[in-house]
Amino acid sequence: MSKSVYFTFIKTIWQRRRACGGGQVQSSTPYKQRNHNCSCNYKMASQWNSAGTWEERDVSEWAMQTLKELVQDITVQEATHRISISKVSKCVGEARKLIVRGQPRAGFEFKLELNFKGSSNGSPVSGIVRISEVSETDVDDFEVSVDLTNGDINASSLEESFQAAIATALHTFYAQLKAL
């Protein structure tokens, strides 16, 4: 197997003439470049994609694991109640790391179902938090629905509390994804 060899011109005639003080210059001659390295210095860039035009890597497995760990630690606490996520029952979606025109970018899209348990005014509360769709473009503005299976508490106040807590976790997740 032979190495790739690239040819390029060192300087144009006008550039060489200026460098020599304006005298007579022969035309440029090509030289061989060996050990061509990627000019894109990002971790995700491939050697073949030296221009960094478009490259996409699937990082869904890492993203699902990280997202589950972040939302598992969520606790919503107010004067009358303290509720924690007990289980991530559903985490479906994809995440990708992109290089577009030499710039690293990240994207994701997930659907989540989170079981919660806690107490409100001394009585037990449990239920499910559903996030129908969340992506990198709506980290702060996504729809949350709360279904109570046990307990007596205002579901709309829980939706607002969970949305704020989950948005914080999503910001952390998105920062980690971009830094990957």
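**Nonpolar core and aromatic contacts**

In this predicted model, the largest nonpolar core (buried Ala, Val, Leu, Ile, Met, Phe, Trp, Tyr and Cys residues joined through side-chain atoms within 4.5 Å) has 35 residues, and Phe108, Phe110, Phe116, Phe162 and Ile166 have the most contacts inside it. Two or more residues come from each of α2 (60–72), β5 (81–100), β6 (103–120), β7 (123–135), β8 (144–150) and α3 (155–179); helices (H or I, at least four residues) and strands (E, at least two) are DSSP runs numbered from the N terminus. The most is given by α3, with 9 residues.

Residues are numbered from 1 along each chain as its sequence is written. Local features need pLDDT of at least 70 and side-chain atom pairs pLDDT 80 or more, while totals for chains, interfaces and linings use all residues, and side-chain values use heavy atoms, without hydrogens or water.

Turning to the aromatic rings, the structure holds 6 aromatic pairs, that is, rings of Phe, Tyr and Trp (its six-membered ring) with centres within 6.5 Å; planes under 30 degrees apart are stacked, over 60 edge-to-face and the rest tilted. The Phe116 and Phe162 pair is tilted, because the ring centres are 5.4 Å apart and the planes stand at 45°. Since Phe116 belongs to strand β6 and Phe162 to helix α3, this pair ties together parts 46 residues apart in sequence. Both Phe116 and Phe162 are buried (under 20% relative accessible area; exposed is over 50%, partly exposed in between; 1.4 Å probe, protein chains only). One aromatic cluster is formed by Trp62, Phe108, Phe110, Phe173 and Tyr174.
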